[in-house]
Every structure is written in C-alpha cells, then in structure tokens.
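Work through the exercises below with the sequence and the model open. Try each task before reading its solution.

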Amino acid sequence: PVLCVDTMRCGIVSRRSEITPKHPLEQSELLYDLNQHHIKLGMANRIMGTALPLTVQAERASAARIGRLPGLKSSYLHLEVFAGTDEDITIEDVFDKPSPWEDNIQHPRCNVTA
C-alpha cells in the first residue's frame with residue numbers, strides 16, 4: 001500500500017516539528033475542552049453539592065462506552081450531544097473526516113484466520 005500524506009487534514013509534516021519542544025500554549029489549547037469541563041464541574045460542586053458532578057461524570061462515562069457493532073467505528077453522537085458540541089461546525093465538518101466506509105474494512109468474520 002502506498003502511504004499518502006493528506007496535508008489538508010494533517011498539515012505539513014516535518015521532522016523538525018517532531019524534535020523541537022512545543023510551545024506551552026499549544027498544550028493548553030489541546031486540553032481546553034477538558035479544562036473547561038473540570039471548571040464547570042467545580043462550579044457545580046460548589047453550588048449544588050457533590051451529587052451533581054458525580055451524576056454528570058457517570059453519564060459522561062456511560063455515553064463514552066456506547067458504541068456500534070464490532071468492526072464499525074462509533075460516531076459518539078450521544079457524547080457530543082451531552083457535551084454540547086453536536087451543533088458546532090469544526091474543520092472536520094468542512095473538509096470531512098474520512099468515513100469508516102472509505103477504508104477497505106472487511107467484515108469481522110472475514111478477518112478470522114484458520
């Protein structure tokens with residue numbers, strides 16, 4: 001198989017960017033959503049008590065476990081709705097993530113070797 005680098009989705013790949021240390025702001029931006037979630041849980045803990053953050057974390061964990069049949073990648077729509085990101089337009093929506101059907105995925109029964 002020929003490996004094709006998709007510069008629209010992955011950006012320009014260079015070895016220098018892999019070797020040099022990243023900017024501190026880049027790490028902060030990668031963890032922005034997680035930090036905002038923790039801030040909201042902390043506020044809910046101070047205002048409502050510990051029951052609400054525990055309930056939210058339990059529902060989020062159960063939404064993350066929901067998937068499709070074996071062999072198919074899940075879109076995690078329930079998790080997106082729960083997080084409130086289902087109506088956001090992101091770069092993946094514009095340039096389209098590769099769908100699981102683009103790959104030559106075989107049925108799980110066909111992958112069994114004797």
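**Exercise 1.** Which helix gives the largest share of the nonpolar patch?

Solution. This is a predicted model, in which local features need pLDDT of at least 70 and side-chain atom pairs count only at pLDDT 80 or more, while totals for chains, interfaces and linings use all residues. Residues are numbered from 1 along each chain as its sequence is written, and side-chain values use heavy atoms, with hydrogens and water left out.

Step 1. List the members: Met8, Ile89, Ile91, Val94 and Phe95 make a nonpolar surface patch of about 560 Å². Patch residues have over 30% relative accessible area and no salt bridge; like charges are joined within 9 Å, and nonpolar side chains (Val, Leu, Ile, Met, Phe, Trp, Tyr) within 5 Å. A salt bridge is a side-chain nitrogen of Lys or Arg within 4 Å of a carboxyl oxygen of Asp or Glu. Accessible areas come from the Shrake-Rupley method with a 1.4 Å probe, and for residues only the protein chains shown count as cover.

Step 2. Assign them to elements: helix α7 (residues 91-95) supplies three residues, the largest share. Helices (H or I, at least four residues) and strands (E, at least two) are DSSP runs, numbered from the N terminus.

Step 3. Place Ile89: this residue lies in the loop between α6 (77-83) and α7. Its relative accessible area is 72%, so Ile89 is exposed. The classes are buried (under 20% relative accessible area), exposed (over 50%) and partly exposed in between, with a 1.4 Å probe and protein chains only.

**Exercise 2.** State how many helices and strands the protein chain has, and what share of its residues is buried.

Solution. Step 1. Count the elements: there are seven helices and zero strands.

Step 2. Take the burial: 5% of the 114 residues count as buried.

Step 3. Take the surface: the chain exposes about 10,400 Å², of which carbon and sulfur atoms supply 60%.

**Exercise 3.** Compare the expected span of helix α4 with the distance between its end C-alpha atoms, then find its buried face.

Solution. Step 1. The expected span is 1.5 Å times one less than the number of residues. For the 17 residues of α4 (residues 32-48) this gives 24 Å, and the end C-alpha atoms are 24 Å apart, so the two agree.

Step 2. The buried residues in α4 are His37, Leu41 and Ala44. Seen down the helix axis, they fall within an arc of 60°, so they line one face of α4. The arc is that of the directions from the helix axis to the C-beta atoms. An α-helix has 3.6 residues a turn, so residues three or four places apart point the same way.

Step 3. Arg46 and Ile47, on the other side of α4, are exposed. The cover of the buried residues includes α5.

Step 4. Look at one buried residue: His37 has a relative accessible area of 15%, so this histidine is buried. Leaving aside neighbours within four places in sequence, His37 is in contact (heavy atoms within 4.5 Å) with Val56 and Arg60.

Step 5. Go past the end: Gly49 follows α4 and has a positive phi, near 105°.

**Exercise 4.** Which residues does glutamate 59 touch, not counting those up to four places away in sequence?

Solution. Step 1. Glu59 sits in helix α5 (residues 51-65). At 35% relative accessibility, Glu59 counts as partly exposed.

Step 2. Its contacts are His78 and Phe82.

Step 3. Glu59 and Leu79 are 20 residues apart along the chain, and their C-alpha atoms are separated by 9.1 Å.
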